[in-house]
Amino acid sequence: MRVLPGLGTDLRLAVVGNPANRRVALFQEAVRLAGLPAARVVPWIDVLRGRAEFRPGERVRIDSPGEDPLVERELRGTNDPTRVEGTARWYARFTSAVRDIADLAAVGGATLLDDPHELAVLFDKRLCHGVLRQAGVTVPQSPTSGADAPAVRGWDDVRALQERTGLRRMFVKPAHGSSASGVLAVETAGPGRVQATTSVERDVEGRLFNSLRVHRYSTEREVGALVDALAPDGLHIERWLPKASQNGRSADLRVVVIAGRATHAVVRTSRSPMTNLHLGGARGDLAAVRAATEAAGGSWAGTLGLCERAAACFPGALRVGVDLLPAIGWRRFAVGEVNAFGDLLPRLTGLPGSGAEGQDTYAAQVAAVRRRARNRHSASA
């Protein structure tokens with residue numbers, strides 16, 4: 001019997017990524033386990049240097065360009081991956097490259113699994129926050145939300161926005177940052193009383209670097225200097241919500257939504273405001289979170305539904321990672337961010353009832369692509 005194109009082993013996949021990267025390796029393993037031909041890897045460096053092409057019938061996954069020094073240099077203009085500055089240049093170069101991928105895919109007869117416009121919104125925290133807020137998704141208060149929000153040119157602007165909004169505890173984030181790079185958790189208590197918690201280090205020349213340690217700056221002069229150095233790349237400000245804790249550690253969740261459904265979730269805990277695992281965060285107990293939510297009168301299904309509503313704001317993205325912020329008491333939740341490449345959760349299998357039981361995030365995405373191909377073929381038959 002002839003195998004229908006796009007339904008069986010004829011499904012042709014391509015992935016734009018860095019060939020030696022673990023993300024590409026994990027995706028390829030999922031493709032292999034699904035019994036499909038290996039995805040054709042289109043290196044990011046080829047995209048950035050105008051050497052990429054796509055072929056008829058390919059379904060093209062765009063993956064993170066991170067963790068490759070040569071690609072980072074092309075995107076950010078620096079040889080040092082620990083440097084914080086350069087995110088505005090990175091964003092402009094990245095979004096231009098994604099548009100190039102879309103044009104090349106159209107010329108080659110391929111289909112993108114990621115919408116270029118939505119990627120541009122997801123990688124601008126101000127735009128992403130505005131889209132979520134407009135859709136009625138619960139998010140922290142922010143004076144920089146949306147395309148029409150005022151630009152933050154430095155510490156004086158932060159102070160002015162504080163006075164206008166009443167914010168005393170806030171996160172100041174690079175608009176195009178990721179992995180907590182450049183993020184400051186700022187607390188103020190009157191004139192001159194300022195403290196910031198961050199992974200940023202500043203050298204004697206005023207340059208900013210990411211550190212694997214969390215630092216505290218306790219004078220307004222120090223905090224203001226950091227903000228002034230970050231501001232040229234664009235800043236986003238949002239209320240620092242008091243979060244629930246687990247075993248005495250601040251907690252939040254990363255929930256992966258694939259093809260509109262919350263399929264995977266992990267609890268992240270930390271003794272600092274940043275729960276990222278590379279900054280000392282640790283995985284928590286998801287079953288305990290569900291139990292605490294329901295014991296508080298909340299709904300676990302409703303909690304996952306909030307993540308699905310956030311993902312629904314970006315229907316052109318096959319998968320997103322939603323950062324979910326639990327309020328003290330575990331009854332209420334807010335969406336902190338939606339991450340385009342937030343699916344790197346090795347060995348984590350799907351939630352019960354999600355349809356992804358026994359699958360990691362990559363296997364679940366391959367299965368979703370096959371379902372879409374099957375549904376489109378049925379609709380056109």
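Leaving aside its neighbours within four places in sequence, which residues is Arg268 in contact with? I will come to that after a word on the model itself. What we are looking at is a predicted model, in which local features need pLDDT of at least 70 and side-chain atom pairs count only at pLDDT 80 or more, while totals for chains, interfaces and linings use all residues. Residues are numbered from 1 along each chain as its sequence is written, and side-chain values use heavy atoms, with hydrogens and water left out.

Now to Arg268, whose place is in strand β12, residues 261-270; helices (H or I, at least four residues) and strands (E, at least two) are DSSP runs, numbered from the N terminus. Contact means heavy atoms within 4.5 Å, and outside those neighbours within four places in sequence Arg268 is in contact with Ser250, Ala251, Asp252, Leu253, Arg254, Thr275, Ala282, Gly284 and Asp323. With Asp323 there is also a polar contact, side chain to side chain, at 3.4 Å; the term stands for a pair of N or O atoms within 3.5 Å, where within protein one must be able to donate a hydrogen and the other to accept it, and residues adjacent in sequence count only if both atoms are side-chain atoms. Arg268 counts as buried because its relative accessibility is 10%, given that buried means under 20% relative accessible area, exposed over 50%, and partly exposed in between, with a 1.4 Å probe and protein chains only.

Let me turn to the aromatic rings. A pair of aromatic rings is described by the distance of the centres and the angle of the planes. Rings of Phe, Tyr and Trp (for Trp, its six-membered ring) pair if their centres lie within 6.5 Å, and planes under 30 degrees apart count as stacked, over 60 as edge-to-face and the rest as tilted. The structure holds eight aromatic pairs. In one of them, Trp44 and Phe94, the ring centres are 5.7 Å apart and the planes stand at 40 degrees, so this pair is tilted. This pair links distant parts of the chain, with Trp44 in helix α2 (residues 44-48) and Phe94 in helix α4 (residues 87-108), 50 residues apart. Trp44 is buried, at a relative accessible area of 0%, and Phe94 is buried with a value of 0%. Phe94 also pairs with Trp90, and here the centres are 4.8 Å apart and the planes at 15 degrees, so the pair is stacked. Trp90 and Phe94 both lie in helix α4, four residues apart, which is about one turn of the helix. Trp90 counts as buried too, at 9% relative accessibility, and, not counting residues up to four places away in sequence, Trp90 touches Pro65, Glu72, Leu75, Arg76 and Phe123. One aromatic cluster is formed by Trp44, Trp90, Phe94, Phe123 and Phe341.

Charges meet rings as well, and a charge sits over a ring if NZ of Lys or CZ of Arg is within 6 Å of the ring centre and within 35 degrees of the ring normal. Arg83 lies over the face of Phe209, at 5.4 Å from the ring centre, and the charged end of Arg169 sits over the ring of Trp240, 3.9 Å from its centre.

My next stop is helix α10. The expected span of a helix is 1.5 Å times one less than its number of residues; for the 13 residues of α10 (residues 300-312) this gives 18 Å, which agrees with the 18 Å between its end C-alpha atoms. Its buried residues are Trp300, Thr303, Leu304, Leu306, Cys307, Ala310 and Ala311. Seen down the axis, these buried residues fall within an arc of 145 degrees, so they line one face of the helix, the arc being that of the directions from the helix axis to the C-beta atoms. On the face turned away from the buried side, α10 carries the exposed residues Ala301 and Ala312.

Last comes helix α7, residues 155-165, where Asp157 is found. Asp157 is buried, with a relative accessible area of 16%, and a polar atom of its side chain lies 2.7 Å from the backbone nitrogen of Arg153. Just after α7, Gly166 takes a positive phi of about 80 degrees.
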